[in-house]
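User: Please take a close look at the largest cavity and tell me what lines it.

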Amino acid sequence: MAKINLDKSQVETVKTIAKSIADDIQKFVDEHSTESVERTVLRLYGVDGVDEDKTPLPNKIIEKLLAEVGLNEGVSKYFAKAMVLSKRDGQTTAELLDQNHISFKDTLSVLDVDSLKIEKDLSKKAIHALDNTYNKKLKKQIECPVPPTPWKYLIVATGNIYEDRVQAESAVDSGADIIAVIRSTAQSLLDYIPYGATTEGFGGTYATQENFKIMRKALDKSMKKRGRYVRLVNYSSGLCMSEIAACAAMEDLDMLLNDSMYGILFRDINMKRTFVDQYMSRLICSRANIIINTGEDNYLTTSDAIESAHTVTASQLINEAMGINARLKPELLGLGHAYEINPTVENAFLYELAHAQLARELFPRSPLKYMPPTKYKKTDIFFSHAMDTMFNLASITTNQGIHLAGILTEAIHTPLMQDRYQALDSINYVFNIAKNLGDEIEFKAGGFIENRAKTVLNETEQFLIKVEKMGLMTSISNGLFAGIKRPIDGGKGGPGVIKKAPTYSNPIMDELKKGGKHDQ
Amino acid sequence: MTSKNLIKPYGDTMNDGVMQLAFTLPVENSARAKKAAEVYLTKLNLVDVAISSAKKLTDGFTYFVAFARAIPTLNYDEIEATEVQIKEMNFYQINALIKEKINRKLVIIGATIGTDAHTVGIDAIMNMKGYNMDYGLERYPEIEAYNLGSQVPPETLIKAALDYKADAILISQTVTQKDAHIRNFTEFIEMLEAEKLRNRFIIIAGGPRINNDLAIELGFDAGFGPGTLPSHVASYVANKMVERKGAQS
């Protein structure tokens, strides 16, 4: 139900501009691949494991391919040909390649007709695995129904996956609907995925496929106990965006943090690399029914939440347009925003309501990801708790989708078990007593909230026009987003971008481009 | 000694000793659990313990809120606190200080040197996003920050510091196996001294096994260990620069 009288044609206009910005990027994306995308193909073909130096096999095979024949045609065809030579399964073939029993140069003698069937089989199996996780999750959701929105999102971050498990179980007992395992600091800058169960991390726990599996198993148990579906979240961002998406899909994760610009701006990752990687990662999410969470809230940790509100809206529109290009349906777009206005501003709550309601009405079918206050959080935990309570009220009133729990000790330490309980206690209280408040109220026509929302939309339109004119890459290099300038060819991971040859082959991607299973 | 300097926590009456506490015990919520919480607080030398709330967090864990009175008094006259070495300043105060007192941007260059491939530390301090809600140096309008990344040879870092006319050099070392960090730090300082450049820059060491005493022993100006925020480093460099400028004029 609309509460703000937005100009429908203006909404159309901003969406059209965002689409044109995304389509411009898509042209670049379609002509390129990356080392990480190729490693993703190998992972989906069943290649896993590490050598004695803990270097993942997918990394080693791609390095070998690069050294022996180059990457421009993609790994798929060459790997299938290596399988023709080895007459063994994918994993064994990868090991034989790694031990130099087979060279990619040897595969040049294999005819395309002979490898085509294997390539087709491999890709069919991979797609089947993605469809399988989709079905598995759906089945679980029948057994354990999905709770009403806003879903309560709690983080665990001990660094030790086994300790995380205990913390997560307790959070679910207190009412959490979503558990996110915070990643070890700067994992996004690793050009490989660490391996196995891990018990040490920096400010978080490494994202590994084994850790995903351990946490999923624990949550499956918890949700059966509670009779409520509990989603598991991790991060598909950084230099291994699409590879993480593949690992996450294989372990039945439900949600991934995945933004089209976050890594570029805040982690100084090369923009071309990011755009190509995020496309592949989103195609996987679409097929495996994984909700992506975008990172617009981060802009407000560095820019003023009132002054820069329109950059959040603009980025949401661009993320949506790129998401649609990667076949994500609106229900899988957890577009981000945040409650970050300076608490000493008069009527700050009215601004917050205006921004939250604007997002709600611009993206009516998407589960918006709403972030709690962090920037103005105080080490006075009692004041912090009061701020979070008001954030909870804004969230239920505007029916947000994914509600990140504000924690009273946010400015002090990673949450203790009791901190999480305290946070959930306030959320449960507010969500219950104000459950239908949003259905009952309307915002005054021409009033503060409506005017504020309109102002932000006007500023968004002007901003998007500027970005469209410049092109997104140039816009980012000129510092239009979050006030951060990143040169087009700068940043980490740039050398891993590959221009596709006309003979480039990636049957998984071809299949994923046709859209999710749910669309057929 | 006058009694006015003897202090105790204050609730609503002088010397009532009232304290509020919140904590979790790894036991199932029950009458016995509450008793255990009460007894535990008496072991802390608290009296008149009242467990005002006991709630189950999850199986086998109970959260308590309690009020109690503390017995000991403290002679406030005997309390001394050493001055913190770093002036605690926030992002805005640091930028304002640089603008007012130095009147040009500070140039800070950072890298992980030697074989160490870890950028966790240097990124936490320098990257825009920063660490723990504290903006990184790249974000400071009054600081020009250059993060050269990892595995940077000392000579490359020194050359870059000269090219960028750096005021301060940050060196991060995460790997400490076989004291690799000590060797790398020492090598860097020796190279600077050989080039007669040691006094040209403020040189700072950082990493999980670094403390200020160790860094100074190795010839650095300062050392920052775990939990360091970008604003600590920025405040240190800005204040040190102001100090140096003052000494010159």
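Analyst: The largest cavity encloses about 110 Å³ of space, a volume being the space filled by probe spheres set on grid points joined across faces, edges and corners. A cavity here is a set of points, on a 1 Å grid over the protein atoms alone, where a 1.4 Å probe fits but cannot get out, and lining residues have an atom within 4 Å of a point. In this predicted model, local features need pLDDT of at least 70 and side-chain atom pairs count only at pLDDT 80 or more, whereas totals for chains, interfaces and linings use all residues. Residues are numbered from 1 along each chain as its sequence is written, chains are lettered from A and ligands numbered from 1 in the order in which they are written, and side-chain values use heavy atoms, with hydrogens and water left out.

The lining is made up of A:Leu300, A:Ala305, A:Ala309, A:Val312, A:Thr313, A:Gln316, A:His337, A:Ala338, A:His355, A:Leu358, A:Ala359 and A:Val456. Two or more of these residues come from each of α13 (309-325), β8 (336-338) and α14 (348-362) of chain A, where helices (H or I, at least four residues) and strands (E, at least two) are DSSP runs numbered from the N terminus. The greatest share belongs to α13(A), with four residues. By residue class, the lining holds eight nonpolar, four polar and no charged residues, with Ala, Val, Leu, Ile, Met, Phe, Trp, Tyr, Cys and Pro counted as nonpolar, Asp, Glu, Lys and Arg as charged, and the others, Gly among them, as polar. A search of the whole structure finds four cavities of 30 Å³ or more.

Note on methods:
1 Å grid on protein atoms, 1.4 Å probe; cavity = no way out; pocket = protein on both sides within 12 Å on 5 of 7 lines; lining within 4 Å.
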